[in-house]
Each structure stands twice: as structure tokens, then as C-alpha cells.
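Let's walk through this fold together, one question at a time. Have the model open as you read, and try each question before you look at the reply.

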Amino acid sequence: MSERKRWQPPVPLERESNLDLVALALTPWLLLVQGHSFGLGNYDTLLTFIRRINDPSYLGADWMLSTPAVHPALLGMIAPLCSSWGEGISFLVIHFLTRLILLCGVWRLVLALVPGGIRIAIIAMATTVLEPRFQLGSHYLQAGHWEPAYLGMAFAVWIIAEGIRLSTNRGHWITFTLVSGLGILSHLFICLPLFIITFTMICWKSSVPRRFLAVGFASVMFLGSSALLPAISGFFSPESTPLTSGDLIRILQFRHPHHHQPWSWPVLHYAEAFLLLGASTFAWHRYLRGEERRRLLLPAILMVYFIASCIVFTICGALQIVPFVAYLQCFRLLPLFVLIAMIGIYAMLDALLHKGMMFIAASLLVAMLLHYINWGGPFAVGLLALFLAMRSSTAPVDSKRSWRERKLLLMASAIVGISAIIALQYNPGLQRRANRLDPEHWLVSAEPDTQDRSALAQWIRATTPPDALFAVPPQMGYFRIWEKRAIVVDMKNIPYQNAAMKDWADRIKAAGVDDPYAPFTRPSLIDPDLAQMKHLAEQYRADYFVVRGKVDDGRDLFPGSGFSVFLLGDFDERINLPGVAR
């Protein structure tokens with residue numbers, strides 16, 4: 001009797017409406033409203049390796065580009081596109097496709113957890129594209145710039161969605177195999193653990209014939225091997241200067257404290273995470289009933305793996321043991337579980353709307369969006385309110401016409417998007433208004449974002465030899481793609497290969513400000529002075545060295561402000577260190 005009195009929110013079983021198809025087709029184009037930040041973030045690493053792939057002589061004096069590339073298989077596929085279409089257009093297309101894969105994965109994940117939950121899927125998609133800022137460390141589903149991790153996260157959402165569908169006998173093993181293989185190819189350490197756990201779950205629960213699963217597993221591992229073998233080859237090949245386990249972990253913790261030092265993250269973030277976990281557990285418990293809760297079995301198993309792996313990751317990092325665990329970066333999976341948690345809360349929101357509790361539902365939606373979403377929160381509230389109001393008056397799609405309408409809507413979406421790209425490409429004023437970005441970071445080229453740095457880049461490109469080697473302050477990023485010259489070292493770009501990582505740490509230490517080998521340290525964000533930069537340039541035989549700020553020295557070559565540039569040959573004193581190659 002108590003069970004009958006217990007409040008059970010209805011699980012909506014709806015058919016898609018025309019407006020749903022419009023939303024699914026057009027939501028990825030919100031990228032044009034948010035802005036595509038070309039040339040920022042990790043583009044410094046991506047663009048330089050892509051340029052080296054397309055031109056083996058590019059920055060020939062740069063030691064970093066002679067080390068193994070990160071994500072070599074993926075960059076090898078992107079390089080021909082950049083050569084044919086140009087870097088700006090290529091990365092915009094890749095960013096859009098990544099966003100489309102992510103949103104389609106969110107759509108399928110919601111419908112796998114809540115069949116017929118169309119409104120929940122739309123809410124989840126709209127909030128996903130507006131960059132949730134909930135974090136422990138620095139981990140996101142997507143951002144305004146593109147990098148391989150975001151493509152891996154997009155496929156990871158698909159892997160979970162297809163795993164839930166297969167474990168409840170509603171999916172197809174070919175789809176699961178395809179998204180798993182592409183995901184592992186995109187980002188090994190994000191997608192491979194998810195695939196192994198999900199595949200084990202499918203073998204346990206699914207009625208798919210074992211021979212199909214065996215074919216799928218073999219296909220995924222074949223695709224993944226092209227990412228796996230290059231990624232690990234540097235750690236098992238014999239090297240003359242290998243890193244010890246402790247040094248390797250300390251270097252990673254120094255370079256990526258937002259990934260590798262969870263004990264230093266704010267306690268409030270942990271409290272917020274457990275609060276969200278409790279709220280979503282309550283929401284899912286109240287929303288799903290009986291056998292419906294089987295859909296949460298795979299997310300629950302993945303959550304147990306995530307928590308256990310994060311504990312092991314933290315312990316190994318604190319004790320500085322088992323370096324392989326450090327490479328897993330277990331906290332990277334956090335946004336996936338935040339997404340599943342938020343879907344449960346959105347389901348409760350949808351139930352409140354269905355029950356007519358509009359004030360409570362609106363208050364919950366506004367509170368969530370203003371807390372978890374960045375600048376687009378108010379915009380998202382208005383967009384979702386308009387959508388839900390319009391959707392209530394639209395008729396469901398006739399199943400016989402559904403595929404035809406889908407094709408028409410996708411074609412219309414492509415036409416609108418291509419037209420918008422062309423308009424933005426040739427209208428800098430429109431770029432600023434619609435994109436909130438300077439034109440240099442839209443589709444033109446990767447250019448500096450300050451006047452002093454822009455003047456420095458133009459002067460260096462115009463007056464120094466293309467094959468010159470520069471010693472620059474390690475915190476002075478983007479030198480390779482802005483000034484287009486080889487450098488001794490910088491803080492952002494670290495090679496993930498044993499001997500090269502040691503070389504990187506030695507170069508950072510030679511700058512005289514930071515010591516990557518010291519335990520539990522972070523970059524100091526302090527620039528070396530003139531004497532330290534001169535020492536770094538001498539030790540690695542650079543042609544020029546740069547000092548931030550104007551130095552009262554008659555040998556400063558740069559006529560502008562903000563920086564000083566020196567030719568090492570203008571100094572009488574030289575420190576000769578035999579055997580140090582540049």
C-alpha cells in the first residue's frame with residue numbers, strides 16, 4: 001500500500017516532433033554563436049606538429065618537433081586536410097563534427113536511459129553546448145577550442161549510450177564497435193577503459209551472439225592498435241637517458257597540476273561533486289522504477305571504476321609510484337558522470353513540468369543553469385523556455401515521413417551553417433558581434449592577442465632568419481605558431497616520451513626559475529631575468545634570446561615595447577658546454 005502511495009513521476013513516452021528534428025539539426029551550429037577559438041589552447045602543439053608533418057623542414061632547429069607527436073594517428077589524418085583546405089577551415093570543420101558527435105551521443109544516451117525522453121534530451125543538449133563549468137581540476141566535455149580530448153569525450157558518450165542499449169537488448173553491436181574503435185583512435189586513455197568495462201558488461205547481460213561480439217572486439221582492438229602502439233612505444237624502447245618512476249611522476253605533476261595533483265584542488269569542489277552525486281542518485285531513484293533501473297547498471301559499474309581508479313591514482317601520485325597510472329588521468333572521465341547525473345536531474349525537471357509544477361521546475365532550471373553554465377546561462381534559460389513552449393503545440397512526426405524530413409532538415413542546417421561560415425569569414429565586424437573573438441582567432445590565422453606581442457611577432461618574422469633558434473621565457477607560449485620560429489623550450493608543450501620528457505625537464509630547469517624534479521611543485525609563473533635567459537641560450541646554443549619587458553641595454557634589437565630581443569653573438573662572454581645539442 002505504501003508503494004502505491006509513493007510518488008512515481010511518469011516516464012514520458014513521446015514521439016519526435018518537427019521541432020525536435022529542427023533542434024537536433026541546428027544545435028551544433030551554436031558553435032558559431034559561442035565562438036571557435038582557433039589558435040588558442042593546445043593549438044600550439046597541434047599546429048606545429050601538423051606543419052612538421054606537411055613540411056619536414058618546418059622549424060628544423062626545434063628539438064620538440066623531432067620527438068614523437070601526441071596522438072600521431074589522429075594528427076596524421078588531420079594534416080592532409082590542413083594542407084588542402086587551410087588550417088582555419090579544417091579545424092572549424094573538425095570542431096563542428098566533434099560537437100555534432102557529442103550532441104548525437106548525448107541524444108542517444110538520454111534516450112537509452114529514458115526512452116521517449118525527448119524534452120530531457122533537448123535540455124541536456126542545450127546545456128552541454130554551453131560549456132558546463134563544474135569541475136574537479138580542469139576537465140570538460142567540450143570547450144570553445146578543439147583538441148583530441150574533446151573528440152575522445154564525444155565518442156565516450158556514445159560508447160556508454162550504445163553499451164546501455166546493448167545491455168538492455170535495444171542496440172546494435174556494429175554501432176558499438178564503430179564508435180569504440182573511433183574513440184580509441186581519438187583518445188586512447190579516455191576510451192579504452194570505457195570500452196573494456198562496457199564490453200565486459202555487454203558479454204554478461206546482452207543476448208548478442210558471442211561470435212558477433214568477438215568480431216567487434218577484434219575490430220576495435222585493430223583500430224585501437226594504431227593509437228596504442230605509437231603512444232606507448234616511447235616508454236618501452238631502450239633509451240640512453242631514461243627517467244626513473246619518481247622523476248616521471250614529478251614532471252607530470254609539475255606540468256599538469258590540474259590533472260595530477262587532486263590533493264591540491266579546492267575542498268569545495270569535492271563537496272559540490274558529492275552533493276551532485278547525492279542529488280542525482282535521489283533523482284534517478286525516484287524517476288526510474290523496477291526493471292527500468294537496469295539501465296543504470298552500466299553507469300553504476302563505470303562510477304565504481306571511476307571512484308576506485310581516482311583513489312588509486314591519487315595514492316600512487318602522492319607516493320610517486322606506478323607511473324603508468326599517472327598516464328591514465330582518471331579524473332578526465334569526470335564530465336561523463338556529471339552528464340549522467342545532470343540527465344537524472346533533468347528527468348526530475350521534466351517530471352515536474354509534466355505534473356504542472358511550473359514554478360518549481362523553472363526555479364530549478366534557472367538555479368542549475370546560472371550555477372553550472374558560463375556566460376550563456378540566461379540565454380539558455382530563454383532558449384529552453386521558448387523551445388518547451390513551442391514544442392507543446394507541435395504535432396508528432398508521421399513515422400512514414402520521418403526520414404524524409406530528417407534529410408531536409410539536415411540539408412537546411414548545412415546550408416545555414418555554410419552560409420554563416422562564409423559570411424563570418426569575410427566580415428570581421430560580424431565576427432566580433434557574433435563570436436566575441438578578435439578576427440585573428442576566427443578563421444584567418446593564429447595571431448597574437450596583444451599589441452606588444454603582435455609587434456614582436458611581426459618584427460621577428462620580418463628580420464630574423466627562418467631557421468633561427470630562440471630562447472624564450474618558458475611561460476611565453478605560442479611562440480612557434482605566432483612568431484614561427486624554433487625555440488629551446490616552453491612550459492606548455494611537453495613531449496610524452498621517456499628521454500624527451502627528461503630533456504624537457506632539464507631545459508625548464510636550466511631557465512633557472514622552476515625545478516620540475518622537485519616533488520609536488522607547480523610552475524612559478526615567474527619569467528627568467530636577462531642573465532638567466534642568456535645562460536639558457538648559451539647552454540642550448542640559441543641564436544637569439546627574448547626577455548619580457550624592456551631592458552636598459554644597448555644591445556636590445558627589438559624597437560617596440562613589452563619585450564627585449566638579443567643576439568647571442570653580441571655578448572662577449574660565452575659558456576661553452578660541449579656535447580649539448582640544440
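Q: What share of the residues of the chain count as buried?
A: This is a predicted model, and its chain has 582 residues. Buried here stands for under 20% relative accessible area. By that cut-off, the share of buried residues is 54%.

Q: How many helices and strands does the secondary structure of the chain come to?
A: Let's start with how the chain folds back on itself: among contacts with a separation of 6 or more, 71% join residues 24 or more positions apart. As for the elements, the secondary structure comes to 25 helices and four strands.

Q: Which helix gives the most to the largest nonpolar core?
A: The largest nonpolar core has 130 residues, and Phe-91, Leu-109 and Trp-504 have the most contacts inside it. Another core, of 14 residues, lies apart from it, with Ala-468, Val-472, Phe-558 and Val-565 among its members. The top contributor to the largest core gives 14 residues and spans residues 334-354: helix H17.

Q: Which residues of helix H12 does Trp-504 touch?
A: Beyond four places in sequence, the contacts of Trp-504 include Trp-63, Val-489, Met-491 and Pro-516. Helix H12 covers residues 245-255, and the buried residues of H12 pack against H24, among other helices. Matching the contacts of Trp-504 with the residues of H12 gives Ile-251, Phe-254 and Arg-255.

Q: How many of the eleven residues of helix H12 are buried?
A: The buried residues of H12 include Gly-246, Asp-247, Arg-250 and Gln-253 alongside Leu-248 and Ile-249. They pack against helix H13 (257-260), H15, helix H16 (323-328) and H24. H12 is mostly covered, and its count of buried residues is ten.

Q: Is His-260 buried or exposed?
A: His-260 sits in helix H13. Leaving out residues up to four places away in sequence, His-260 touches Leu-252, Gln-253, Phe-313, Ala-326 and Gln-329. Because its relative accessibility is 3%, under the 20% cut-off, His-260 counts as buried.

Q: What distance separates the C-alpha atoms of Phe-520 and Leu-252?
A: Phe-520 lies in the loop between H24 and H25, and at 39% relative accessibility it counts as partly exposed. Its contacts beyond four places in sequence are Gln-253, Gln-261, Trp-263, Gly-317, Ala-318 and Gln-320. Phe-520 and Leu-252 are 268 residues apart along the chain, and their C-alpha atoms are separated by 9.9 Å.

Q: Which elements do the buried residues of helix H25 pack against?
A: Helix H25 runs over residues 530-539, and its buried residues are Met-533, Lys-534, Leu-536, Ala-537, Glu-538 and Gln-539. At the start of H25, a side-chain oxygen of Asp-529 comes within 3.3 Å of the backbone nitrogen of Ala-531. Just after H25, Arg-541 has a positive phi of about 55°. The packing partners of the buried residues are strand S1 (469-471), helix H24 (498-510) and strand S3 (544-548).

Q: Which backbone oxygen does the side chain of Thr-464 reach?
A: Thr-464 belongs to the loop between helix H22 (451-463) and S1, and it is buried, with a relative accessible area of 5%. Not counting neighbours within four places in sequence, Thr-464 is in contact with Trp-459, Phe-470, Arg-485 and Tyr-544. Its side chain comes to 2.5 Å from the backbone oxygen of Ile-460.

Q: How many of the residues that line the second largest pocket are nonpolar?
A: The second largest pocket has a volume of about 730 Å³. Of its 30 lining residues, the closest to the centre are Leu-277, Met-303, Phe-306, Ile-307 and Phe-337. Helix H14 (267-287), helix H15 (297-319) and H17 each supply at least two lining residues. With four polar residues and one charged in the lining, the nonpolar count is 25.

Q: Which helix gives the most to the lining of the second largest cavity?
A: The whole structure holds seven cavities of 30 Å³ or more, and the second largest has a volume of about 60 Å³. Its lining includes His-95, Arg-99, His-145, Trp-146 and Tyr-150, and divides into six nonpolar, four polar and one charged. Helix H6 (87-113) and helix H8 (148-167) each supply at least two of these residues. The one that gives the most, with four residues, is H6.

How values were computed:
Residues numbered from 1 in each chain as written. Predicted model: local features only at pLDDT ≥ 70, side-chain atom pairs only at ≥ 80, totals over all residues. Heavy atoms only, no water. Core = buried A, V, L, I, M, F, W, Y, C linked by side-chain atoms within 4.5 Å. Buried < 20%, exposed > 50% of the residue type's maximum accessible area, 1.4 Å probe, protein only. Contact = heavy atoms within 4.5 Å. 1 Å grid on protein atoms, 1.4 Å probe; cavity = no way out; pocket = protein on both sides within 12 Å on 5 of 7 lines; lining within 4 Å. Points joined across faces, edges and corners; volume = space filled by probe spheres on them. Nonpolar A, V, L, I, M, F, W, Y, C, P; charged D, E, K, R; others polar. Polar contact = N/O pair within 3.5 Å; in protein donor to acceptor, adjacent residues only side chain to side chain.
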